[in-house]
Every structure is written in C-alpha cells, then in structure tokens.
Amino acid sequence: MHDIRFIREHPEAFDAAMARRGLDPMASDILEMDSRRRALQGQIQDMQSRRNVASKEIGMRKGKGEDADDLIAEVNQIKSSMPALEEEEGALATGLETRLLELPNIMDSEVPDGADEDDNALVRAWGEMPSFSFTPRDHVAIGEGLGQMDFATAAKLAGARFVVLRGQLARLERALAAFMLDTHTSEFGYQETLPPYLVNSAAMTGTGQLPKFGEDLFRADDKWLIPTAEVPLTNIAANEILASDDLPMRFTAHTPCFRSEAGSAGRDTRGMIRQHQFSKVELVSITRPDDSAAEHERMTGCAEAILQRLDLPYRVMTLCTGDTGFGAQKTYDIEVWLPGQDDGKGMYREISSCSNCGPFQARRMKARFRDDDGNTQFVHTLNGSGLAVGRTMIAVLENGQQEDGSVRLPAALHDYMGCEAILPL
C-alpha cells in the first residue's frame, strides 16, 4: 500500500513510478479523491465543534431561564445533516483505500526496465551442467519410469495438476524439506515456524494477495488456503510495534501451498512444474529500513547455498520492471538448470524468488518498530523460497538421471534418504 502523503508531496514521481509498471498517470485522480475526503473531514469536524459549543450554550441559557430555541434548532439541523456527510466521507475513504490497495509497489531504481522475462538481467551463474551419453528425459518420464510418480491416480482423486508420489520419491520430498530446514535454522539463523495453512482476509490483504489476486486463491468458508507461507509468516508482525533490538526477525517454514493458477491457464500443464498443491520451504525477514537491501542479498545467498550443496547448476537473475511481482521493490529469481526440459535440450526454470518489499506490506499490515529516537517507523519485509521443494525434486531427478532409469542422489541427501540412488520399484 502507498503512503498518501508521498503522493501529495511527489505526484509526478509517483506517476513516473507507476509508469514503470505500465500504468497510466493517476496521481491527480487519487489526490482529487483525497482532497474531497479531507474537505468533508474538515466540514464534519467543524460541525461537531459547533454542535458541542451550541449544546453548552443551550445548557447555560436554560440554567439562566433564557430562551434557547434558536440553538436547539441549529443543533438539530447539524444532527440531521451529519449522517449524509459521514456516509459520503466513509465512501470516499473506502474508495481511496481500495484504489491504493490495488496499486503495485514502487520499484527500486536498480530494477532494469523491460517488458517480460526476456529482459531480466543475469547477475551470476554457478555450477557445471551435467553431460549425458543419452538424451536426457524430463522428470515425468523419470518418475513414471521409476514407478513412483503417478499423475493418473492423482487426477482420479483431485483432477488435473496434482500428483501422487510413492516409495523413495515420497521420501525424497520429505528429505529435501528436512535438509532445507536444517540448513536454514542451524546455519543461517532462521527460526523454524509452523504456521496455520488457513488465514483470514486481513492476512491475505496485508501481504498483497487481496484484493487483486483473489481468483488465484482457494477459499474455504471465511478463510483462505495459503498460496505461500509468506502470508502467515509476514503477518506475525501485523499490528505490532516491535523493539528495534528485536530486528531482524527471520522465519522459515515448510508448508503446503495452494494456488488455483487461474491466471496461467494452459501453461506448464505437464508434470510437477505448476500444480494446485505443492510444498515449499519459505524464508521471511522483517528488518529495519536501512538493513533491508543487505538482507535481500543475504536471503538470496541462503537460497543459493541449498542448490550449491545439492550440486545443482543455477543462475541468478534480476527481474525487470515487466516481470517484477505486485508487492516487490526488487526481486532476484534463482533459476535451476533442468536438462530434461524442452525435449532434452534443457532450460533454466525458476526455483526461488527472493523479494524485498520495502514498507509496502508493512503499511498494509500496520507493522512498525520503535527506532532509537523513540519514533515509530514501518518495518521492511522480505520473502523468498528456500526452496520450492517440488521443483527441487525435479532438478534432482533430471540432473541425476542415469541411462538405466535410476537417479544418482546428491551427497548432501544420502543420510536423509538412507541411500545413494533411487531405483525403479
């Protein structure tokens, strides 16, 4: 959410920031609504003050036995006029808040301009791509060949974009999540957290999923299934005034994630790339404003460390203006190499997005801290995948595949799996 004071003081800068998002100028319309609302607020306050003064004068006159009919008539007129004004002011306040809630974050000046993912900027690459003496298969062919990845049964149970994992692949899901959590908690200082998987509308609004992305969510009565653990973890700070010494706060959680993918119809329908239910290890940081840029780099490094220890080649990209998400100021995408994609030619696919949201979510959530001078400021919030577990499994399968159909496991997973390779059932 945006600070209306910033728009009042810097309307041209605000329009320029929204233009980078592909939006038309809107500061003048927003400020007109704001001006009308403020004028009504002033009028209502003046009427309330006059009513209070007149009411006291009525009491004084009656105490002296004097006539007060003129003042009584004035107070009654004020009382009858105020509800309509209050309703108009309330409607303007709601409309202004809705307008601001629907607008994306202002992007960092370092974000490169561009239309889509083709304009993202390479930051660095790590690892060597595996070579094969055969045409590498994708994870669907590998998993079904192992007899442990079953899309047909999942479709019978729940429909498209679900999977049933069995045997060592089911264990691999658990092993990957445990490895990620152990690393992030024991080495990187994140606190393991088990949040609710259902949250209220306020929590979804606080992190920016509502009102804009309601169609991409699953709802259960008056609650929402979380699309990512970012939602409950970030909202831990909602409506709080934190002590400066409590920051940074760093949380990690392994949760299922639920997405309707309404906006991605027809994309990535094969396999586990884009499902309605998947699991993810999430990283969330809540920091002082001056620390968020450094925390962004740190968080990205923590996610990269998981891939390095799994010996999975990847690259880090800075997302351009046309590819940066609604709530982010700046985002790094970590893309893992999947040799079985594109008919065995291979391609990079996103496995983590690490975003600095600045005060955007904090303003929506009213998440603040008290600085060293005793003043309250909005915290900065950051989130990232550390990593998406299903996509990490895909990467392990495709990079470790062998010609005989088995899969060689990274050394970091041997103890978690109790074996060095996954064999067909």
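# Cores, sheet and helices: a working chat

Q: Hi! Which residues have the most contacts inside the largest nonpolar core?
A: Those are Leu172, Leu176, Leu307, Leu397, Met417 and Ile422, in a core of 49 residues. A nonpolar core is a set of buried Ala, Val, Leu, Ile, Met, Phe, Trp, Tyr and Cys residues joined through side-chain atoms within 4.5 Å. Buried means under 20% relative accessible area, exposed means over 50%, and partly exposed is in between (1.4 Å probe, protein chains only).

Q: Which helix gives the most to this core?
A: Helix 7, residues 167–186, with eight residues. Helices (H or I, at least four residues) and strands (E, at least two) are DSSP runs, numbered from the N terminus.

Q: Before I go on, what kind of model is this?
A: This is a predicted model, in which local features need pLDDT of at least 70 and side-chain atom pairs count only at pLDDT 80 or more, while totals for chains, interfaces and linings use all residues. Residues are numbered from 1 along each chain as its sequence is written, and side-chain values use heavy atoms, with hydrogens and water left out.

Q: Good to know. Back to Leu172: what is it in contact with, beyond neighbours within four places in sequence?
A: Leu172 is in contact with Met393, Val396, Leu397, Leu409, Leu413, Met417 and Ile422. Contact means heavy atoms within 4.5 Å.

Q: What other core lies apart from that one?
A: One of 16 residues, including Met249, Met365, Ala367 and Phe369.

Q: New topic, the sheet. In what order do the eight strands come?
A: The order is 1-11-12-13-16-10-9-4, in an open sheet with mixed pairing. Strand 1 (121–126) and strand 4 (191–192) are at the edges with a single partner strand each, so one side of each has no neighbour in the sheet. Two strands pair if DSSP finds at least two bridges between them.

Q: How many bridges join strand 4 to strand 9?
A: Two, and the strands run parallel, with strand 9 covering residues 249–258. Gln191 has Phe251 in strand 9 as its bridge partner.

Q: And which helix packs on the sheet there, touching strand 9 and strand 10?
A: Helix 13 (residues 389–400) does, and it also touches strand 12, strand 13 and strand 16. Its direction makes about 35 degrees with that of strand 16. Axes are lines fitted to C-alpha atoms, for helices over the stretch in contact, and angles run from 0 to 180 degrees between N-to-C directions.

Q: What about strand 12, is it buried or exposed?
A: Nine of its nine residues are buried, so strand 12 is largely enclosed by the rest of the structure. Lys330, Tyr332, Ile334, Val336 and Leu338 point one way, and Thr331, Asp333, Glu335 and Trp337 point the other way. In general, side chains alternate between the two faces of the sheet in a regular strand.

Q: How does strand 12 pair with strand 11 and strand 13, parallel or antiparallel?
A: Strand 11 and strand 12 pair in the antiparallel sense over five bridges, with Tyr314 opposite Val336. Strand 12 and strand 13 are antiparallel too, over nine bridges, and Thr331 stands opposite Ser355 there.

Q: Where does Thr300 sit?
A: In helix 10. Thr300 is buried, with a relative accessible area of 0%. Not counting residues up to four places away in sequence, Thr300 touches Arg124, Val316, Tyr332, Ile334 and Cys354.

Q: Let's jump to the N-terminal part. Where is Arg20?
A: Arg20 is in the loop between helix 2 (11–19) and helix 3. Arg20 is partly exposed, with a relative accessible area of 25%. Beyond neighbours within four places, its contacts include Met107, Asp108, Pro112 and Thr321. Arg20 and Gly114 are 94 residues apart in sequence and 8.9 Å apart in space, C-alpha to C-alpha.

Q: How do helix 3 and helix 4 cross?
A: The axes of helix 3 (residues 27–63) and helix 4 (residues 69–101) come within 8 Å and cross at roughly 155 degrees. The two are therefore roughly antiparallel. Angles under 35 degrees count as roughly parallel, over 145 as roughly antiparallel, 65 to 115 as roughly perpendicular and the rest as oblique.

Q: And helix 2 with helix 3, at what angle?
A: Roughly 130 degrees, with axes that come within 9 Å. Helix 2 and helix 3 are therefore oblique to each other. Pro11, Phe14 and Asp15 in helix 2 meet Ala27, Ile30 and Leu31 in helix 3.

Q: Last one: how many helices and strands does the chain have?
A: It has 14 helices and 18 strands. Buried residues make up 50% of the 425 residues.
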